[in-house]
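Dear colleague,

Please find below the structure that I am handing over to you. My notes on its charged groups and its helices follow directly after it.

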Amino acid sequence: LRDEILDVLGDEESIAEVGVRPGQLPCAAQLEELDRDDLVKFIKIHGGFSVVATKMGLEPSKGGRGAYDSINAAAKAVRAFAIEHDIGAPTVSGAKKASIIFVPTDAELIEQGRNDLRYALRQHSKEKIAKVGKMRLRTDRMTYEESRAEMNKWKFESGSRSLFLNWCKAGHRPWNMPKSPQEYYGKRGEWVSW
């Protein structure tokens, strides 16, 4: 593994193109860009990027566990990751760019080899990082009153479940409005009617 990583680092032109600084171990995305998915797998098997970087006397390309001791640093890094990987939702139906930034899931962070951010989310909690980083959790939902107000903006005729389902299929339902409002708000004792 060591020799393979040193071979990659020896090609200074290629590693500079993907943004690796001298003395730094490339991150998973950078190695994949260099078509070295095999190294990503082996680095994870050998303890992860921070462990391998330390054993080789290199700096990890991403922050280690101590890099996000403050919630502000953690929120900034998580938000930057979410923006870089387009983790969000448009506020307007049909918009191409995400304007609501979500806190990444554990699976999204694992896929990109970002165990440092997974640790930061466990250390500070997703809710606090979302608040400080001005992000949203995917589990956030509108209140019943907010949902009614949204449907009134669309001049939605109340009283019809089938109209609501057609409205959703047309792509008008906001990301944080429940797919099944009767069930969701009914469990909370907020449901009044369609």
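**Salt bridges and surface charge**

Arg136 has a relative accessibility of 32% and therefore counts as partly exposed. Please bear in mind that the model is a predicted one. The side chain of Arg136 forms a salt bridge with that of Asp140, at 3.2 Å from N to O. Asp140 is likewise assigned to the partly exposed class, because its relative accessibility is 24%.

In total, the structure contains eight salt bridges. Another of them pairs the side chains of Glu108 and Arg138, with an N to O distance of 2.9 Å. This contact connects distant parts of the chain, as the two residues are 30 residues apart. Glu108 belongs to helix 7 (residues 106-111), while Arg138 sits in the loop between helix 9 (126-132) and helix 10 (144-153). Glu108 is partly exposed, with a relative accessible area of 23%, and Arg138 is also partly exposed, at 30% relative accessibility.

A further salt bridge lies within helix 12 (residues 181-187). Here the side chains of Lys187 and Glu183 meet at 3.7 Å, N to O. These residues are four positions apart in the helix, so about one helical turn separates them. In general, an α-helix has 3.6 residues a turn, so residues three or four places apart point the same way. Lys187 is exposed at 65% relative accessibility, whereas Glu183, at 48%, is partly exposed. Elsewhere, Glu4, Arg36 and Asp38 are joined into one network by salt bridges that share partners.

Negative charge also gathers on the surface, in a patch made up of Asp11, Glu12, Glu13, Glu17 and Glu33. Helix 2 (residues 12-17) supplies the largest share of this patch, namely three residues. Glu17 is located in helix 2 and has a relative accessible area of 62%; it is classed as exposed because the cut-off for that class is over 50%.

**The two sides of helix 1**

Which residues of helix 1 are buried? In this helix, which spans residues 2-10, they are Ile5, Val8 and Leu9. Viewed down the helix axis, the buried residues fall within an arc of 95°, and they therefore line one face of helix 1. Asp3, Asp7 and Gly10, on the other side of helix 1, are exposed.

I should be glad to receive any comments you may have.

With kind regards

Note on methods. Residues are numbered from 1 along each chain as its sequence is written. This is a predicted model: local features need pLDDT of at least 70, side-chain atom pairs count only at pLDDT 80 or more; totals for chains, interfaces and linings use all residues. Side-chain values use heavy atoms; hydrogens and water are left out. Patches are made of residues with over 30% relative accessible area and no salt bridge: like charges are joined within 9 Å, nonpolar side chains (Val, Leu, Ile, Met, Phe, Trp, Tyr) within 5 Å. Accessible areas come from the Shrake-Rupley method with a 1.4 Å probe; for residues, only the protein chains shown count as cover. A salt bridge is a side-chain nitrogen of Lys or Arg within 4 Å of a carboxyl oxygen of Asp or Glu. Lys and Arg count as positive and Asp and Glu as negative; His and the chain ends are not counted. The place of a charge is taken as NZ of Lys, CZ of Arg, CG of Asp or CD of Glu. Buried means under 20% relative accessible area, exposed over 50%, partly exposed in between (1.4 Å probe, protein chains only). The arc is that of the directions from the helix axis to the C-beta atoms.
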